Amino acid sequence: MQTVQPEDNTIPKKEQVNELFSNVGSVDFLNFEFGSRTYIQQIEESIQNTGKFCAIQVELKKILDFEVVWMTHDFQFMGGSLGCAEGEKLTKGFEFAMAHSMPVVVESRSGGARMQEGTLALMQLAKVTVAVEALKRRKIPFISVCKDPTYGGVSASYAMQGDVRIAVSGARIGFAGPTVILNTVYKMDQTLYDAECPRGFQTAEFLQKHGQLDVILNDESEIIPMVEKILHVLWQNRKDSLFDSDNDSSGSEEGSEKNDKKDDIFSYFELTYEKNDCYDYTVSRAIDRYQAPDIIEKIFSSFIELQGDGKVGYDPCIRGGLAMFNDQPCVIIATFKGPDANFGMASPAGYRMALRLMNLAQQFDLPVFTLVDTVGAYPSFDSEQSGQSEAIATNLLKMAGLKVPIITLVVSEGGSGGALAIAMGDHIAMLERAYYTVISPEGAASILGRYKNEDHKSEQFPKDCAKLARSQKIYCHDLKELGVVDLIIPEPAGSNKIDCESVMENIKKFYSLSLSALTKR
């Protein structure tokens, strides 16, 4: 479907006008009439009440030091519904943004597609989607903001197509509204509907819990500050592509030369490194050991957590978002630990969240920093039913072809495919007291160990775990020699969550050297 090019693509002067395409208005082309009022009467009433010709307003807003195309639904104009005029204005807004290389923000508040315009209202979903896709091909950010309510065709198109999806707390968001569900599925049986309706159904919080929203704001006053934070990373600090998007040198002579140069890149660490005896994998689980959140807090700035796999799942273990490393915008993907993060064991939703962030990084030419600390993927009935193998396999395939750098740090535990699913880095480092293995020592001992009785197992099992860990060569020195990792980052004796300045400086140095080597600088 072709979209209409704006007749005038010149930026209006601020003192003259801030609104764009204000002359586009709703028309009763079907001569629609139902009940006591005609559609033309409804249009005229909405115009009188709002002073606008349709339910969409397009304007330029100054955000930080640049202009943004900001489009807003007016709920007072026929419930903010999407008709042909609204679809036309939205499309013109996206095309104007492309013509002038401006980010787009759409505030949605709508009952859905406008019934009074029939099938042509439905077609606006497709029309606006074409414009959204064209904007994405230009690598221009699109932020979607869902307000109360956002329903029907609006929620099923551009409201859920943003690079970042925001909602205001308590906003009702969904495709089929409660009345439609009540009448269609429950035959107007309100008691049965109430009994089976999930708690918080179709609220912003409900959608975020099910992976469909990145950020929830307390109220509308927080919209502009959050947009500023996001665009500070995605746009204000945007650079020309620093990465070789056609880089496919694996297995080639050029790729071998790049691998040979890694030792030169990291010579700083080899010269200052003191080898310690760190052959105890249990040290990586110390309660006072620094974890991914500590590294994010101390090394990165402007971190904005984005949540959910964008479809149906949220995982508290694999988390990430947008951030700044020095002056470089980036994406962070990390495994969190603790009881609130399923003890570092991710579900398929977590790996799909990581996949979504990798796609976002590639969309905007951002390097990816991954922080690995997991005993393994979560082994459960739900995980298997939800496709744990597929989720991990898809991530491996994505990382194999990702067109932006991945810089990986094994922080503490690197357990099996659950770790590898975010660890196929161009440069890979391990902290000195971390381990990285095909299966945890306990898992290996459970399979390979032979015990006469529980008393014998209680005594022998820890010894077998330690022996297997050494035999499988899961420690940093062995893995460096085997070529699994590029660098061992020193951890001075006594380092912990509080006393970790030296370790953080070493991590930051690794990141800086890697980023410099992997970019065109």
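**Exercise 1. Where in the chain does Gly-111 lie, and between which elements?**

Step 1: Place the residue. Gly-111 sits in the loop that runs between strand 6 (104–110) and helix 3. Helices (H or I, at least four residues) and strands (E, at least two) are DSSP runs, numbered from the N terminus.

A note before we go on: this is a predicted model, where local features need pLDDT of at least 70, side-chain atom pairs count only at pLDDT 80 or more, and totals for chains, interfaces and linings use all residues. Residues are numbered from 1 along each chain as its sequence is written, and side-chain values use heavy atoms, with hydrogens and water left out.

Step 2: List the partners. Leaving aside neighbours within four places in sequence, Gly-111 is in contact with Phe-75, Gly-79, Tyr-151 and Gly-152; contact means heavy atoms within 4.5 Å.

Step 3: Check a distance. The C-alpha atoms of Gly-111 and Ser-155 are separated by 9.1 Å, and the two residues are 44 apart along the chain.

**Exercise 2. Describe the chain as a whole.**

Step 1: Count the elements. There are 20 helices and 18 strands in the chain.

Step 2: Take its dimensions. The C-alpha trace spans about 85 × 60 × 40 Å along its principal axes.

Step 3: Look at burial. Of the 521 residues, 52% count as buried. Buried means under 20% relative accessible area, exposed over 50%, and partly exposed in between (1.4 Å probe, protein chains only).

Step 4: Look at the contacts. Among those between residues at least 6 apart in sequence, 75% join residues at least 24 apart.

**Exercise 3. Work out how helix 2 and helix 3 pack.**

Step 1: Recall the description. Two packed helices are described by the angle between their axes and the distance between the axes.

Step 2: Read off both values. The axes of helix 2 (residues 84–100) and helix 3 (residues 118–137) come within 9 Å and cross at roughly 5°. That makes helix 2 roughly parallel to helix 3. Axes are lines fitted to C-alpha atoms, for helices over the stretch in contact, and angles run from 0 to 180 degrees between N-to-C directions. Angles under 35 degrees count as roughly parallel, over 145 as roughly antiparallel, 65 to 115 as roughly perpendicular and the rest as oblique.

Step 3: Find the residues. Helix 2 contributes Leu-90, Phe-94 and Met-98, among others, while the helix 3 side includes Lys-127, Val-128 and Leu-135.

Step 4: Sort them. The contact residues divide into 11 nonpolar, 3 polar and 2 charged. Ala, Val, Leu, Ile, Met, Phe, Trp, Tyr, Cys and Pro count as nonpolar, Asp, Glu, Lys and Arg as charged, and the others, Gly among them, as polar.

Step 5: Pick out one residue. Lys-127 counts as buried because its relative accessibility is 11%.

**Exercise 4. Describe the second largest pocket.**

Step 1: Fix the term. On a 1 Å grid over the protein atoms alone, a pocket is an open set of points with protein on both sides within 12 Å along at least five of seven lines, and a cavity is a set where a 1.4 Å probe fits but cannot get out; lining residues have an atom within 4 Å of a point.

Step 2: Give the volume. The second largest pocket holds about 440 Å³. Grid points are joined across faces, edges and corners, and a volume is the space filled by probe spheres set on the points.

Step 3: Look at the lining. It has 19 residues, and Arg-165, Asp-309, Lys-311, Arg-356 and Asn-359 lie nearest the pocket's centre. Helix 13 supplies the largest share, 7 residues.

Step 4: Sort the lining. The pocket's lining residues divide into 5 nonpolar, 6 polar and 8 charged.

**Exercise 5. Compare the backbone at Met-78, Met-188 and Pro-149 with the general pattern.**

Step 1: Recall the pattern. Most residues other than glycine have a negative phi, and most peptide bonds are trans.

Step 2: Take Met-78. Its phi is positive, about 50°, and it is found in the loop between strand 5 (66–73) and helix 2. Met-78 counts as buried because its relative accessibility is 16%.

Step 3: Take Met-188. Here phi is also positive, about 65°, in the loop between helix 5 (178–184) and helix 6 (190–196). With a relative accessible area of 63%, Met-188 is exposed.

Step 4: Take Pro-149. A cis peptide bond joins Asp-148 and Pro-149, with omega about -5°. Pro-149 is found in strand 7 (residues 142–151).
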